[in-house]
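Visitor: I would like to go through this structure with you. Could we begin with the overall picture and then turn to details?

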Amino acid sequence: AARARIGDLLDIGVRFDRADGALDLGREGAHSRNRVVHAGGDATGAEIQRALTEYARGHELIELYERHYLVDLLVREKICYGALVYDEKRQRLRVFWAGAVVLATGGASRIFRHNTNPEVATGDGMAAAYRAGADLMDMEFVQFHPTVFRQPGGDPFLISERLRGEGAILLNHREERFMPRYHERGELAPRDVVTRAILAEMRQSGAPCVYIDARHIPAERLRNRFPKITGTLAGHGLDITRDLIPVTPAAHYFMGGVRTDLCGRTSIEGLYACGEVACTGVHGANRLASNSLLEGLVFAGRVVASTRGRLERRRPPRFCCDKLLPPAGCDAAALRRALQDTMDGGAGPVRTPAGLAGVLAFCGDWEWLRRHAAATPAEMEVRNMLEVGHLVAEAAMSRTESRGAHYRVDFPSPQVRWRKHIIFRC
Ligand SMILES: Cc1cc2nc3c(=O)[nH]c(=O)nc-3n(C[C@H](O)[C@H](O)[C@H](O)COP(=O)(O)OP(=O)(O)OC[C@H]3O[C@@H](n4cnc5c(N)ncnc54)[C@H](O)[C@@H]3O)c2cc1C
(Lines give C-alpha, C1' and ligand atoms only; values in the text may rest on other atoms or scores of the structure.)
Protein backbone atom coordinates (compact mmCIF):
# COMPACT_ATOMS: atom_id res chain seq x y z
CA ALA A 1 0.00 0.00 0.00
CA ALA A 2 2.83 2.41 0.85
CA ARG A 3 4.42 2.01 -2.57
CA ALA A 4 1.08 2.70 -4.30
CA ARG A 5 0.49 5.87 -2.23
CA ILE A 6 4.01 7.16 -2.97
CA GLY A 7 3.15 6.49 -6.62
CA ASP A 8 -0.05 8.59 -6.20
CA LEU A 9 2.03 11.45 -4.82
CA LEU A 10 4.45 11.25 -7.73
CA ASP A 11 1.45 11.28 -10.10
CA ILE A 12 0.06 14.51 -8.63
CA GLY A 13 3.46 16.17 -8.89
CA VAL A 14 5.31 15.76 -5.57
CA ARG A 15 8.98 16.34 -6.36
CA PHE A 16 10.83 13.78 -4.24
CA ASP A 17 14.63 14.01 -4.25
CA ARG A 18 16.41 11.65 -6.62
CA ALA A 19 19.93 10.28 -6.97
CA ASP A 20 20.98 8.93 -10.38
CA GLY A 21 17.33 8.97 -11.47
CA ALA A 22 16.06 6.75 -8.62
CA LEU A 23 14.32 7.96 -5.43
CA ASP A 24 17.02 8.96 -2.94
CA LEU A 25 16.49 7.14 0.38
CA GLY A 26 17.57 8.56 3.76
CA ARG A 27 18.01 6.92 7.17
CA GLU A 28 16.73 8.06 10.57
CA GLY A 29 16.66 6.93 14.21
CA ALA A 30 16.35 3.15 14.82
CA HIS A 31 16.28 2.40 11.07
CA SER A 32 18.46 -0.52 10.00
CA ARG A 33 18.66 0.61 6.37
CA ASN A 34 18.01 3.65 4.19
CA ARG A 35 14.25 3.76 3.59
CA VAL A 36 12.95 7.34 3.69
CA VAL A 37 11.92 9.26 0.57
CA HIS A 38 12.33 12.99 1.03
CA ALA A 39 11.81 16.22 -0.85
CA GLY A 40 13.66 19.53 -1.02
CA GLY A 41 16.37 17.98 1.16
CA ASP A 42 14.61 18.44 4.49
CA ALA A 43 11.26 19.94 3.42
CA THR A 44 9.28 16.77 2.69
CA GLY A 45 6.08 17.71 4.53
CA ALA A 46 5.97 21.15 2.93
CA GLU A 47 6.38 19.68 -0.56
CA ILE A 48 3.66 17.04 -0.03
CA GLN A 49 1.35 19.70 1.38
CA ARG A 50 2.03 22.01 -1.58
CA ALA A 51 1.17 19.36 -4.13
CA LEU A 52 -1.92 18.08 -2.28
CA THR A 53 -3.27 21.61 -1.73
CA GLU A 54 -2.83 22.48 -5.41
CA TYR A 55 -4.52 19.23 -6.38
CA ALA A 56 -7.47 19.78 -4.01
CA ARG A 57 -7.94 23.40 -5.12
CA GLY A 58 -8.11 22.33 -8.75
CA HIS A 59 -10.45 19.35 -8.24
CA GLU A 60 -14.02 19.97 -9.36
CA LEU A 61 -15.54 17.63 -6.75
CA ILE A 62 -13.72 19.15 -3.75
CA GLU A 63 -15.14 22.19 -1.97
CA LEU A 64 -12.77 23.83 0.49
CA TYR A 65 -14.00 25.79 3.53
CA GLU A 66 -11.18 27.90 4.94
CA ARG A 67 -11.19 29.03 8.59
CA HIS A 68 -13.95 26.63 9.57
CA TYR A 69 -13.29 25.15 12.99
CA LEU A 70 -14.63 21.75 14.10
CA VAL A 71 -16.50 22.27 17.38
CA ASP A 72 -18.23 18.94 17.89
CA LEU A 73 -19.38 15.84 16.10
CA LEU A 74 -23.11 15.24 15.71
CA VAL A 75 -23.51 11.73 17.08
CA ARG A 76 -26.59 9.99 18.36
CA GLU A 77 -26.73 6.35 19.44
CA LYS A 78 -23.28 5.58 18.07
CA ILE A 79 -24.03 6.98 14.61
CA CYS A 80 -22.30 10.10 13.29
CA TYR A 81 -24.56 12.38 11.23
CA GLY A 82 -22.20 15.28 10.63
CA ALA A 83 -20.25 18.01 12.37
CA LEU A 84 -20.87 21.30 14.13
CA VAL A 85 -18.42 23.83 12.77
CA TYR A 86 -17.58 27.44 13.67
CA ASP A 87 -17.15 29.77 10.70
CA GLU A 88 -14.47 32.11 12.02
CA LYS A 89 -14.97 34.75 9.34
CA ARG A 90 -18.70 35.11 9.81
CA GLN A 91 -18.45 34.24 13.50
CA ARG A 92 -21.30 31.78 13.46
CA LEU A 93 -21.89 28.08 13.85
CA ARG A 94 -22.74 25.91 10.85
CA VAL A 95 -23.94 22.35 10.65
CA PHE A 96 -22.56 20.00 8.00
CA TRP A 97 -24.61 16.82 7.57
CA ALA A 98 -22.68 13.96 6.01
CA GLY A 99 -22.87 10.25 5.28
CA ALA A 100 -19.24 9.95 6.38
CA VAL A 101 -17.13 12.24 8.55
CA VAL A 102 -13.35 11.82 8.36
CA LEU A 103 -11.33 13.28 11.21
CA ALA A 104 -7.92 14.45 9.97
CA THR A 105 -7.22 17.19 12.52
CA GLY A 106 -3.68 16.13 13.41
CA GLY A 107 -1.99 15.66 16.78
CA ALA A 108 -1.96 17.38 20.15
CA SER A 109 1.65 18.10 21.09
CA ARG A 110 0.75 21.76 21.67
CA ILE A 111 -0.52 20.68 25.09
CA PHE A 112 3.18 20.81 26.04
CA ARG A 113 5.02 24.15 26.16
CA HIS A 114 8.13 22.65 24.56
CA ASN A 115 6.89 21.14 21.33
CA THR A 116 7.70 21.00 17.62
CA ASN A 117 4.13 21.25 16.35
CA PRO A 118 2.15 23.87 14.45
CA GLU A 119 -0.27 26.02 16.47
CA VAL A 120 -3.23 23.97 15.27
CA ALA A 121 -2.05 20.75 16.98
CA THR A 122 -4.32 21.15 20.00
CA GLY A 123 -6.08 17.78 19.93
CA ASP A 124 -9.46 19.15 18.76
CA GLY A 125 -10.40 16.02 16.82
CA MET A 126 -9.42 13.72 19.68
CA ALA A 127 -11.42 15.73 22.22
CA ALA A 128 -14.47 16.04 19.95
CA ALA A 129 -14.43 12.30 19.22
CA TYR A 130 -14.10 11.55 22.93
CA ARG A 131 -17.04 13.80 23.82
CA ALA A 132 -19.04 12.05 21.09
CA GLY A 133 -18.41 8.65 22.69
CA ALA A 134 -15.68 7.32 20.37
CA ASP A 135 -12.89 5.17 21.80
CA LEU A 136 -9.50 6.83 22.37
CA MET A 137 -6.48 4.56 22.76
CA ASP A 138 -2.78 4.70 23.77
CA MET A 139 -2.98 8.29 25.00
CA GLU A 140 0.04 7.82 27.29
CA PHE A 141 2.36 7.30 24.31
CA VAL A 142 3.63 10.75 23.35
CA GLN A 143 6.87 10.85 21.40
CA PHE A 144 9.44 13.50 22.30
CA HIS A 145 11.88 14.51 19.59
CA PRO A 146 15.38 14.63 21.05
CA THR A 147 16.94 17.40 19.01
CA VAL A 148 14.99 20.64 18.86
CA PHE A 149 16.73 23.99 18.48
CA ARG A 150 15.20 26.67 20.65
CA GLN A 151 16.18 30.29 21.05
CA PRO A 152 14.62 32.31 23.88
CA GLY A 153 11.44 33.86 22.49
CA GLY A 154 11.85 32.14 19.10
CA ASP A 155 9.83 29.29 17.62
CA PRO A 156 11.33 25.85 18.28
CA PHE A 157 12.89 24.31 15.20
CA LEU A 158 13.37 20.58 14.71
CA ILE A 159 16.82 19.40 13.70
CA SER A 160 15.95 16.30 11.70
CA GLU A 161 17.32 12.90 12.61
CA ARG A 162 18.52 12.63 9.04
CA LEU A 163 21.35 14.95 10.06
CA ARG A 164 22.45 12.36 12.61
CA GLY A 165 21.86 9.74 9.89
CA GLU A 166 24.47 11.65 7.85
CA GLY A 167 26.96 11.35 10.71
CA ALA A 168 26.29 14.33 13.03
CA ILE A 169 26.98 13.52 16.69
CA LEU A 170 25.73 14.77 20.06
CA LEU A 171 28.06 16.46 22.55
CA ASN A 172 27.44 17.45 26.17
CA HIS A 173 28.46 20.78 27.72
CA ARG A 174 32.08 19.49 28.05
CA GLU A 175 31.97 18.77 24.30
CA GLU A 176 32.18 15.02 24.97
CA ARG A 177 30.28 12.56 22.81
CA PHE A 178 27.89 10.72 25.16
CA MET A 179 25.40 8.62 23.17
CA PRO A 180 27.63 5.51 22.82
CA ARG A 181 27.51 5.27 26.64
CA TYR A 182 23.71 4.94 26.50
CA HIS A 183 23.01 2.75 23.44
CA GLU A 184 24.86 0.63 20.89
CA ARG A 185 23.27 2.60 18.03
CA GLY A 186 24.69 5.82 19.44
CA GLU A 187 23.01 8.93 18.01
CA LEU A 188 20.63 6.75 15.98
CA ALA A 189 19.16 4.98 19.00
CA PRO A 190 15.35 5.12 19.32
CA ARG A 191 14.02 8.60 20.05
CA ASP A 192 12.99 7.88 23.64
CA VAL A 193 16.50 6.60 24.45
CA VAL A 194 18.21 9.65 22.93
CA THR A 195 15.73 11.95 24.67
CA ARG A 196 16.33 10.45 28.11
CA ALA A 197 20.11 10.42 27.55
CA ILE A 198 20.06 14.13 26.70
CA LEU A 199 17.92 14.91 29.75
CA ALA A 200 20.29 12.87 31.96
CA GLU A 201 23.32 14.79 30.62
CA MET A 202 21.54 18.11 31.17
CA ARG A 203 20.49 17.12 34.69
CA GLN A 204 23.99 15.97 35.68
CA SER A 205 25.67 19.13 34.41
CA GLY A 206 22.93 21.67 35.03
CA ALA A 207 23.42 22.80 31.42
CA PRO A 208 20.29 24.00 29.57
CA CYS A 209 21.01 21.95 26.41
CA VAL A 210 23.35 19.59 24.58
CA TYR A 211 24.85 20.20 21.14
CA ILE A 212 24.70 18.72 17.65
CA ASP A 213 28.09 18.65 15.99
CA ALA A 214 28.06 18.39 12.18
CA ARG A 215 31.35 20.22 11.62
CA HIS A 216 33.11 17.10 10.30
CA ILE A 217 30.54 16.64 7.48
CA PRO A 218 31.56 18.35 4.22
CA ALA A 219 29.94 21.80 4.09
CA GLU A 220 28.74 21.29 0.53
CA ARG A 221 26.87 18.12 1.53
CA LEU A 222 25.22 19.84 4.50
CA ARG A 223 24.04 22.75 2.39
CA ASN A 224 22.71 20.49 -0.38
CA ARG A 225 21.02 17.94 1.84
CA PHE A 226 19.72 20.23 4.59
CA PRO A 227 18.91 23.58 3.00
CA LYS A 228 16.09 24.34 5.46
CA ILE A 229 18.16 23.54 8.56
CA THR A 230 21.24 25.43 7.35
CA GLY A 231 19.10 28.39 6.24
CA THR A 232 17.06 28.61 9.46
CA LEU A 233 20.13 28.34 11.67
CA ALA A 234 21.89 30.98 9.58
CA GLY A 235 18.94 33.25 10.36
CA HIS A 236 19.87 32.80 14.03
CA GLY A 237 23.53 33.60 13.37
CA LEU A 238 24.67 29.94 13.47
CA ASP A 239 26.71 28.22 10.76
CA ILE A 240 26.09 24.48 10.98
CA THR A 241 29.36 23.78 9.14
CA ARG A 242 31.36 25.55 11.91
CA ASP A 243 29.19 25.97 15.01
CA LEU A 244 27.80 23.60 17.61
CA ILE A 245 23.98 23.70 17.54
CA PRO A 246 22.23 23.80 20.96
CA VAL A 247 19.31 21.34 21.21
CA THR A 248 16.85 19.98 23.79
CA PRO A 249 13.98 17.44 23.54
CA ALA A 250 10.40 18.60 22.86
CA ALA A 251 6.97 16.96 22.47
CA HIS A 252 6.56 15.88 18.88
CA TYR A 253 4.03 13.17 18.03
CA PHE A 254 0.97 11.42 19.49
CA MET A 255 0.97 7.66 18.95
CA GLY A 256 -2.42 7.60 20.67
CA GLY A 257 -5.67 9.09 19.46
CA VAL A 258 -9.04 8.05 18.09
CA ARG A 259 -9.03 4.28 17.92
CA THR A 260 -9.61 2.89 14.42
CA ASP A 261 -9.50 -0.48 12.75
CA LEU A 262 -7.17 -1.14 9.85
CA CYS A 263 -9.66 0.54 7.46
CA GLY A 264 -9.77 3.80 9.42
CA ARG A 265 -13.22 3.10 10.95
CA THR A 266 -13.74 4.39 14.50
CA SER A 267 -16.07 2.89 17.11
CA ILE A 268 -18.82 5.27 15.87
CA GLU A 269 -20.64 4.36 12.66
CA GLY A 270 -20.01 6.90 9.90
CA LEU A 271 -16.96 8.38 11.69
CA TYR A 272 -13.49 7.71 10.30
CA ALA A 273 -10.06 8.98 11.29
CA CYS A 274 -6.64 9.07 9.67
CA GLY A 275 -3.33 10.80 10.26
CA GLU A 276 -2.03 11.80 13.67
CA VAL A 277 -5.50 12.20 15.20
CA ALA A 278 -6.01 8.46 14.73
CA CYS A 279 -4.63 5.55 16.69
CA THR A 280 -4.45 2.76 14.13
CA GLY A 281 -1.98 0.84 16.27
CA VAL A 282 0.69 0.65 13.59
CA HIS A 283 3.14 2.86 15.51
CA GLY A 284 2.93 0.75 18.67
CA ALA A 285 4.28 2.60 21.69
CA ASN A 286 7.03 4.39 19.80
CA ARG A 287 6.63 5.53 16.20
CA LEU A 288 9.58 4.89 13.93
CA ALA A 289 10.85 8.14 12.40
CA SER A 290 9.24 9.02 9.05
CA ASN A 291 6.31 6.60 9.41
CA SER A 292 3.74 9.26 10.20
CA LEU A 293 3.35 10.80 6.77
CA LEU A 294 3.26 7.34 5.28
CA GLU A 295 0.63 6.12 7.75
CA GLY A 296 -1.51 9.19 7.03
CA LEU A 297 -1.38 8.51 3.31
CA VAL A 298 -2.00 4.77 3.53
CA PHE A 299 -4.93 5.12 5.93
CA ALA A 300 -6.43 8.03 4.00
CA GLY A 301 -6.55 5.66 1.02
CA ARG A 302 -8.15 2.96 3.17
CA VAL A 303 -10.75 5.39 4.52
CA VAL A 304 -11.71 6.36 0.98
CA ALA A 305 -12.03 2.68 0.07
CA SER A 306 -14.18 1.89 3.09
CA THR A 307 -16.54 4.85 2.59
CA ARG A 308 -17.06 4.01 -1.09
CA GLY A 309 -20.72 3.18 -1.69
CA ARG A 310 -21.67 4.19 1.88
CA LEU A 311 -22.11 7.91 1.48
CA GLU A 312 -25.89 8.12 1.52
CA ARG A 313 -27.05 10.64 4.10
CA ARG A 314 -29.09 9.33 6.97
CA ARG A 315 -32.06 11.32 8.17
CA PRO A 316 -30.60 13.15 11.18
CA PRO A 317 -32.35 13.29 14.55
CA ARG A 318 -32.86 16.66 16.23
CA PHE A 319 -29.73 18.19 17.80
CA CYS A 320 -29.93 21.20 20.11
CA CYS A 321 -26.76 23.11 19.33
CA ASP A 322 -27.74 26.13 17.28
CA LYS A 323 -25.87 28.84 19.18
CA LEU A 324 -22.74 29.48 21.19
CA LEU A 325 -23.06 29.59 24.93
CA PRO A 326 -21.86 32.72 26.69
CA PRO A 327 -18.07 32.73 27.12
CA ALA A 328 -16.94 30.80 30.16
CA GLY A 329 -15.11 33.88 31.36
CA CYS A 330 -11.66 32.38 31.74
CA ASP A 331 -8.41 33.82 30.40
CA ALA A 332 -7.87 31.19 27.69
CA ALA A 333 -4.32 32.31 26.82
CA ALA A 334 -3.17 32.22 30.45
CA LEU A 335 -4.88 28.88 31.02
CA ARG A 336 -3.21 27.41 27.93
CA ARG A 337 0.23 28.49 29.17
CA ALA A 338 -0.44 27.12 32.65
CA LEU A 339 -1.58 23.79 31.20
CA GLN A 340 1.48 23.58 28.94
CA ASP A 341 3.83 24.21 31.86
CA THR A 342 1.98 21.65 33.97
CA MET A 343 2.25 19.06 31.18
CA ASP A 344 5.98 19.78 30.69
CA GLY A 345 6.59 19.42 34.41
CA GLY A 346 4.41 16.37 35.07
CA ALA A 347 3.84 14.32 31.92
CA GLY A 348 7.05 14.78 29.92
CA PRO A 349 9.52 12.13 28.75
CA VAL A 350 10.40 11.08 32.34
CA ARG A 351 7.29 10.57 34.49
CA THR A 352 6.71 10.19 38.23
CA PRO A 353 3.45 9.52 40.11
CA ALA A 354 3.73 12.91 41.84
CA GLY A 355 4.18 14.74 38.54
CA LEU A 356 1.24 12.93 36.96
CA ALA A 357 -0.90 13.58 40.04
CA GLY A 358 -0.13 17.29 39.58
CA VAL A 359 -1.41 17.19 35.99
CA LEU A 360 -4.56 15.32 37.05
CA ALA A 361 -5.22 17.84 39.82
CA PHE A 362 -4.75 20.77 37.42
CA CYS A 363 -7.12 19.29 34.82
CA GLY A 364 -9.56 18.33 37.60
CA ASP A 365 -9.75 21.98 38.69
CA TRP A 366 -10.90 22.86 35.16
CA GLU A 367 -13.40 20.02 34.84
CA TRP A 368 -16.27 22.52 34.58
CA LEU A 369 -14.67 24.09 31.49
CA ARG A 370 -14.09 20.68 29.93
CA ARG A 371 -17.83 20.03 30.35
CA HIS A 372 -18.85 23.49 29.05
CA ALA A 373 -20.74 22.94 25.76
CA ALA A 374 -19.12 25.62 23.58
CA ALA A 375 -17.69 29.07 24.08
CA THR A 376 -15.29 31.33 22.17
CA PRO A 377 -12.88 29.62 19.72
CA ALA A 378 -9.96 30.23 22.11
CA GLU A 379 -11.90 28.59 24.93
CA MET A 380 -12.93 25.69 22.68
CA GLU A 381 -9.28 25.04 21.93
CA VAL A 382 -8.05 25.20 25.52
CA ARG A 383 -10.99 23.04 26.59
CA ASN A 384 -9.84 20.40 24.11
CA MET A 385 -6.24 20.69 25.31
CA LEU A 386 -7.39 20.15 28.90
CA GLU A 387 -9.36 17.07 27.85
CA VAL A 388 -6.41 15.55 26.00
CA GLY A 389 -3.94 16.47 28.78
CA HIS A 390 -6.18 14.80 31.31
CA LEU A 391 -6.37 11.59 29.26
CA VAL A 392 -2.59 11.53 28.74
CA ALA A 393 -1.99 11.85 32.48
CA GLU A 394 -4.67 9.35 33.44
CA ALA A 395 -3.32 6.72 31.05
CA ALA A 396 0.28 7.42 32.09
CA MET A 397 -0.65 7.08 35.76
CA SER A 398 -2.46 3.79 35.12
CA ARG A 399 0.34 2.21 33.09
CA THR A 400 2.68 1.12 35.88
CA GLU A 401 5.56 0.15 33.60
CA SER A 402 7.81 1.75 30.99
CA ARG A 403 7.21 0.96 27.35
CA GLY A 404 8.23 2.82 24.20
CA ALA A 405 7.81 6.54 24.67
CA HIS A 406 6.13 6.16 28.09
CA TYR A 407 8.78 6.11 30.83
CA ARG A 408 7.99 5.83 34.55
CA VAL A 409 10.85 6.42 37.01
CA ASP A 410 9.13 4.12 39.54
CA PHE A 411 8.58 1.31 36.97
CA PRO A 412 11.55 1.57 34.58
CA SER A 413 10.99 -1.69 32.62
CA PRO A 414 8.23 -3.19 30.49
CA GLN A 415 5.90 -5.64 32.27
CA VAL A 416 4.31 -8.66 30.57
CA ARG A 417 0.98 -7.93 32.29
CA TRP A 418 0.92 -4.54 30.56
CA ARG A 419 0.98 -5.94 27.03
CA LYS A 420 -2.37 -4.33 26.41
CA HIS A 421 -3.96 -1.03 25.45
CA ILE A 422 -5.68 1.54 27.63
CA ILE A 423 -8.93 2.61 25.97
CA PHE A 424 -11.04 5.58 27.08
CA ARG A 425 -14.71 6.07 26.34
CA CYS A 426 -16.70 9.07 27.61
C1 LIG B 1 8.57 19.71 12.54
C2 LIG B 1 7.99 18.38 12.19
C3 LIG B 1 8.67 17.52 11.34
C4 LIG B 1 8.13 16.28 11.02
N5 LIG B 1 8.81 15.46 10.17
C6 LIG B 1 8.24 14.31 9.80
C7 LIG B 1 8.88 13.48 8.84
O8 LIG B 1 9.95 13.81 8.33
N9 LIG B 1 8.27 12.32 8.49
C10 LIG B 1 7.09 11.92 9.04
O11 LIG B 1 6.57 10.87 8.68
N12 LIG B 1 6.47 12.70 9.95
C13 LIG B 1 7.00 13.87 10.34
N14 LIG B 1 6.37 14.64 11.26
C15 LIG B 1 5.05 14.23 11.77
C16 LIG B 1 4.02 14.53 10.70
O17 LIG B 1 4.36 15.73 10.05
C18 LIG B 1 2.63 14.69 11.30
O19 LIG B 1 2.34 13.59 12.11
C20 LIG B 1 1.64 14.77 10.15
O21 LIG B 1 1.86 15.94 9.40
C22 LIG B 1 0.22 14.78 10.67
O23 LIG B 1 -0.59 14.93 9.53
P24 LIG B 1 -2.14 15.09 9.69
O25 LIG B 1 -2.68 15.28 8.31
O26 LIG B 1 -2.69 14.03 10.54
O27 LIG B 1 -2.30 16.44 10.53
P28 LIG B 1 -1.81 17.92 10.18
O29 LIG B 1 -0.86 17.93 9.05
O30 LIG B 1 -1.42 18.54 11.48
O31 LIG B 1 -3.14 18.60 9.66
C32 LIG B 1 -4.23 18.78 10.52
C33 LIG B 1 -5.15 19.79 9.89
O34 LIG B 1 -6.35 19.85 10.65
C35 LIG B 1 -6.66 21.21 10.89
N36 LIG B 1 -7.40 21.31 12.16
C37 LIG B 1 -6.97 21.07 13.42
N38 LIG B 1 -7.96 21.28 14.31
C39 LIG B 1 -9.04 21.65 13.59
C40 LIG B 1 -10.38 22.01 13.92
N41 LIG B 1 -10.84 22.04 15.19
N42 LIG B 1 -11.23 22.34 12.92
C43 LIG B 1 -10.82 22.33 11.62
N44 LIG B 1 -9.56 22.00 11.24
C45 LIG B 1 -8.69 21.66 12.22
C46 LIG B 1 -5.33 21.93 10.95
O47 LIG B 1 -5.49 23.30 10.69
C48 LIG B 1 -4.56 21.20 9.86
O49 LIG B 1 -4.82 21.78 8.62
C50 LIG B 1 6.89 15.89 11.58
C51 LIG B 1 6.20 16.75 12.43
C52 LIG B 1 6.74 17.98 12.73
C53 LIG B 1 5.96 18.90 13.65
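Visitor: What share of the residues is buried?

Guide: In this predicted model, buried residues account for 52% of the 426 residues in the protein.

Visitor: And how many helices and strands are there?

Guide: The secondary structure consists of 13 helices and 18 strands. The radius of gyration is 22 Å, close to the 22 Å that the globule rule gives for 426 residues, so the protein is as compact as a globular protein of that length. Along the principal axes, the C-alpha trace spans about 65 × 55 × 45 Å.

Visitor: What percentage of the contacts with a separation of 6 or more comes from residues 24 or more positions apart?

Guide: Such pairs account for 67% of those contacts.

Visitor: What about the surface: how much area is exposed, and what do carbon and sulfur supply?

Guide: The protein exposes about 19800 Å², and 51% of that comes from carbon and sulfur atoms. As for charge, there are 59 positive and 51 negative side chains, with the centres of the two sets 3 Å apart.

Visitor: Let us move to the sheet with E14. In what order do its strands run?

Guide: The order is E11-E10-E14-E13-E12, an open sheet of 5 strands with antiparallel pairing. The edge strands are E11 (157–158) and E12 (169–171), each of which pairs on one side only.

Visitor: How is pairing within a sheet achieved in general?

Guide: Strands of a sheet pair through backbone hydrogen bonds, in either a parallel or an antiparallel sense.

Visitor: Back to E14, then. How many of its residues are buried?

Guide: Strand E14 covers residues 245–254, and 10 of the 10 are buried, so the strand is largely enclosed by the rest of the structure.

Visitor: Which bridges hold its neighbours?

Guide: Strand E10 (residues 142–149) pairs with E14 over 5 bridges in the antiparallel sense; there, histidine 145 has alanine 250 of E14 as its bridge partner. Strand E13 (residues 210–213) is joined to E14 by 3 bridges, also running antiparallel, and isoleucine 212 is partnered with isoleucine 245 of E14.

Visitor: And from E13 out to E12?

Guide: E12 and E13 run antiparallel and are joined by 3 bridges. Isoleucine 169 has aspartate 213 in E13 as its bridge partner.

Visitor: Changing topic, which residues that are not glycine have a positive phi?

Guide: Aspartate 138 is one of them, with phi of about 60°. Glutamate 175 is another case, with phi near 65°.

Visitor: Where do they sit, and is each buried or exposed?

Guide: Aspartate 138 is in the loop between strand E9 (136–137) and E10. Its relative accessibility is 2%, so it counts as buried, the cut-off being under 20%. Glutamate 175 belongs to the loop between E12 and helix H5 (179–182), and it is partly exposed, with a relative accessible area of 48%.

Visitor: One last residue, threonine 260. Where is it placed?

Guide: Threonine 260 lies in the loop between strand E15 (257–259) and strand E16 (271–273). With a relative accessible area of 9%, threonine 260 is buried.

Visitor: Which residues does it touch, leaving out those up to four places away in sequence?

Guide: Threonine 260 touches Arg265, Thr266, Ala273, Ala278, Cys279 and Thr280.

Visitor: And how far is leucine 293 from threonine 260?

Guide: The two residues are 33 residues apart along the chain, and their C-alpha atoms are separated by 17 Å.

Technical notes:
Residues are numbered from 1 along each chain as its sequence is written. This is a predicted model: local features need pLDDT of at least 70, side-chain atom pairs count only at pLDDT 80 or more; totals for chains, interfaces and linings use all residues. Side-chain values use heavy atoms; hydrogens and water are left out. Helices (H or I, at least four residues) and strands (E, at least two) are DSSP runs, numbered from the N terminus. The radius of gyration is taken over C-alpha atoms; the globule rule is 2.2 Å times the number of residues to the power 0.38. Buried means under 20% relative accessible area, exposed over 50%, partly exposed in between (1.4 Å probe, protein chains only). Contact means heavy atoms within 4.5 Å. Accessible areas come from the Shrake-Rupley method with a 1.4 Å probe; for residues, only the protein chains shown count as cover. Lys and Arg count as positive and Asp and Glu as negative; His and the chain ends are not counted. The place of a charge is taken as NZ of Lys, CZ of Arg, CG of Asp or CD of Glu. Two strands pair if DSSP finds at least two bridges between them.
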